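Here is a friendly note to read beside the sequence and the 3D view. Please keep both open and find each residue as it comes up.

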Amino acid sequence: MKHSLHIAAVLLVLSACNKAVMEPQKMGAITLSLSSDREVVVSTKADEVDHSDFLVDIYGTTLVGQDYSLETPYIYSEMPEQVTIPYGYYYVSAQNCTQEDAENGFGQIWYSGVSERVDVVSNTPAEVTVMCKMNNAKVTMTIDESFFEDFRDVTAEITATRTVSLTEEDTATPTDVYFN
């Protein structure tokens, strides 16, 4: 009789453990908006930043303690209106290119940003805004054609974190060079 009580107690505990493991994680949602800030404006042009090709990543920890991140970042223009993820604590990052891409050749402008921590703990979608800031400096070099009438085979070098050499062909039209 004692053995059957012990066996019944063990089975009861095991069934309770299986129930906890089998219970699905609760799901919530994130809605996202991107904005960009140009802290230093040297030019009088008001360039609008196009966010459509920005890469968006979501990463953090679920309420059950599992690490979470997207397998592949979203392209902002192709993201669903709401992203469904397990309840947890997350960060959302966005950037228009990688740091490596921003440094290739003459480089390119590089915007990126990370949200504050986002708590996804209810059925109400968490609204997230990621402020993307310019992370590099842009140098524009324009040399008038008359300069090349007096000088031949000129190479101009701009050095910051790396050196970029510009030849006459590069400077025939204004050339933008970006440094991180």
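The points below go through strands, core, surface and a few contacts in turn.

1. A word before we start: what you are looking at is a predicted model. Residue numbers start from 1 along the chain, as the sequence is written.

2. Let us begin with strand β7, which covers residues 111–114. On one side, β7 is joined to strand β6 (residues 88–95) by three bridges, and these two strands run antiparallel. β7 also pairs with strand β9 (residues 126–134), again in the antiparallel sense, this time over two bridges. To see this in the viewer, pick out S112. This residue is the bridge partner of Q95, and S112 also stands opposite K133 in β9.

3. Next, look inside. The largest nonpolar core has 22 residues. Which of them touch the most other members? They are I30, L32, L34, I58, V92, V120 and V130. The elements that give two or more residues to this core are β1 (27–37), β2 (55–62), β5 (83–86), β6, β8 (118–120) and β9. The largest share comes from β9, with four residues. So β9 is worth a second look, because it gives that share to the core and also pairs with β7.

4. Now the cysteines. How many disulfides does the structure hold? The count is zero. Two cysteines are still worth finding, C97 and C132. Are they buried or exposed? C97 has a relative accessibility of 5%, so it counts as buried, the limit being under 20%. C132 has 0% and therefore counts as buried too.

5. Let us move to the surface. L63, Y89 and V121 make a nonpolar surface patch of about 250 Å². Y89 is found in strand β6, one of the elements that also give residues to the core. The relative accessible area of Y89 is 33%, so this tyrosine is partly exposed. That label is used for values between the 20% and 50% limits.

6. How many salt bridges does a search of the whole structure find? The answer is one. The partners are the side chains of R117 and D119, with 2.8 Å from N to O. R117 is partly exposed because its relative accessibility is 47%. D119 is partly exposed as well, because its relative accessible area is 37%.

7. Here are two loop residues to find. E71 sits in the loop between β3 (67–69) and β4 (74–75). With a relative accessible area of 84%, E71 is exposed, because the value is over 50%. E71 and D57 are 14 residues apart in sequence, and their C-alpha atoms are 9.0 Å apart in space. The other residue, N123, lies in the loop between β8 and β9. N123 has a relative accessible area of 65%, so this residue is exposed. Along the chain, N123 and M27 are 96 residues apart, while 7.3 Å separates their C-alpha atoms.

8. Two strand residues invite a similar look at sequence and space. S36 has its place in strand β1. Its relative accessibility is 26%, so S36 counts as partly exposed. In sequence, S36 and G113 are 77 residues apart; from C-alpha to C-alpha, the distance is 8.7 Å. M134 is found in strand β9, and at 26% relative accessibility M134 counts as partly exposed. M134 and W110 are 24 residues apart in sequence and 5.7 Å apart in space, C-alpha to C-alpha.

9. To finish, try retracing β9 on your own screen. This strand pairs with β7, gives four residues to the largest nonpolar core, and holds M134. Then go back to S112, which has Q95 as its bridge partner and stands opposite K133.

Methods: Predicted model: local features only at pLDDT ≥ 70, side-chain atom pairs only at ≥ 80, totals over all residues. Heavy atoms only, no water. Pairing = 2+ DSSP bridges. Disulfide = S-S within 2.5 Å. Buried < 20%, exposed > 50% of the residue type's maximum accessible area, 1.4 Å probe, protein only. Patch = residues over 30% accessible without salt bridge, like charges linked within 9 Å, V, L, I, M, F, W, Y side chains within 5 Å. Areas by Shrake-Rupley, 256 points an atom, 1.4 Å probe, with all protein chains shown as cover. Salt bridge = Lys/Arg side-chain N within 4 Å of Asp/Glu carboxyl O. Core = buried A, V, L, I, M, F, W, Y, C linked by side-chain atoms within 4.5 Å.
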